[in-house]
Amino acid sequence: MRTQGLRRLALASLFTIGLSAPAAAQNGFWGGDTTTPSLVIAPTDIRIDVPMPGSSGNLQLMLAQAGKGGGLAELKQQAVRKYTQHLHSELARELYEYLEDEEVPLVKEEGVLSLQNALNLRVIKHLSAMTPKKDYDLEKGDMALSGEFRYILKNRSGTALREQRIDIGELDISSKYMVRTYHDGRTGEDSTEEAIKDALSELAEELVESMEDNLEADELRDMAAL
């Protein structure tokens with residue numbers, strides 16, 4: 001049996017960018033139940049919209065960065081890429097751990113079953129308070145998630161065996177953020193990025209949990225027999 005450390009190392013090759021390179025293993029690579037059907041995980045289609053980087057307190061800094069050739073649109077795209085990669089990685093980690101526990105063999109192609117999933121996500125910034133202080137301005141709020149997640153399990157002939165849609169807004173996922181901007185220009189505090197990543201990590205956990213019943217080894221064996 002491979003050690004947990006080697007299995008973690010295998011994750012890097014199985015999921016080079018989240019779920020975009022789903023599996024490098026062959027049937028039985030993890031030595032699980034040989035009657036459990038092999039599974040191909042198709043690249044996850046993630047479309048994400050995030051708030052413009054920065055806050056009302058550091059708009060001048062954003063404009064200065066844009067003036068150096070980046071542009072506000074490029075700053076927005078950088079944020080989208082960063083959070084998309086984070087979500088890919090979190091989904092891969094959660095899904096890998098569950099399938100490992102179920103001893104489901106992952107393959108690159110020609111799997112008995114295939115999993116396709118798509119995520120259309122919007123991160124919404126809710127400002128709850130903007131408080132001027134003597135030396136700084138304090139902004140507080142939360143980052144909430146809305147959108148839709150869909151996944152389909154198919155057999156080799158392309159027949160959909162299981163399908164589910166999830167309203168992300170109904171999961172009620174949010175994370176608080178805080179921005180402290182000093183009047184004298186010194187470096188302040190901004191937990192916006194951390195708040196968004198925390199919310200995305202929670203989302204990944206919730207989404208994989210929503211798929212668990214259909215990814216159990218017994219359930220996959222029943223599907224493969226259809």
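**Exercise 1.** Which side chain meets that of Arg-186 in a salt bridge?

*Solution.* The model is predicted. Start at Arg-186. Its side chain meets that of Asp-184 in a salt bridge, at 2.9 Å from N to O. Now take accessibility. Arg-186 has 44% relative accessibility, so this residue counts as partly exposed. Asp-184 reaches 54%, so Asp-184 counts as exposed.

**Exercise 2.** Find the strands that pair with E6, and describe the hairpin.

*Solution.* Begin with E4, residues 136-155. Strand E4 pairs with E6, residues 174-182, in the antiparallel sense over nine bridges. Within this region, Met-143 has Ser-175 in E6 as its bridge partner. Next, turn to E7, residues 189-190. E6 and E7 run antiparallel and are joined by two bridges. Here Val-179 has Asp-190 in E7 as its bridge partner. Last, look at the turn. Six residues lie between E6 and E7 in this hairpin, and Gly-185 in the turn has a positive phi of about 90 degrees.

**Exercise 3.** Compare the settings of two further salt bridges.

*Solution.* Take Arg-165 and Glu-148. Their side chains meet at 3.2 Å, N to O. This pair links distant parts of the chain: Arg-165 lies in strand E5 and Glu-148 in strand E4, 17 residues apart. Arg-165 is exposed at 51%, whereas Glu-148 is partly exposed at 37%.

Now take Asp-218 and Arg-221. Their salt bridge spans 2.2 Å, N to O. Both residues lie in helix H5, three residues apart, about one turn of the helix. Asp-218 is partly exposed at 49%. Arg-221 is partly exposed at 24%.

**Exercise 4.** How many salt bridges does a search of the whole structure find?

*Solution.* The search finds 14. One network of salt bridges links Lys-82, Glu-193 and Lys-197.

Note on methods: Residues are numbered from 1 along each chain as its sequence is written. This is a predicted model: local features need pLDDT of at least 70, side-chain atom pairs count only at pLDDT 80 or more; totals for chains, interfaces and linings use all residues. Side-chain values use heavy atoms; hydrogens and water are left out. Two strands pair if DSSP finds at least two bridges between them. Helices (H or I, at least four residues) and strands (E, at least two) are DSSP runs, numbered from the N terminus. A salt bridge is a side-chain nitrogen of Lys or Arg within 4 Å of a carboxyl oxygen of Asp or Glu. Buried means under 20% relative accessible area, exposed over 50%, partly exposed in between (1.4 Å probe, protein chains only).
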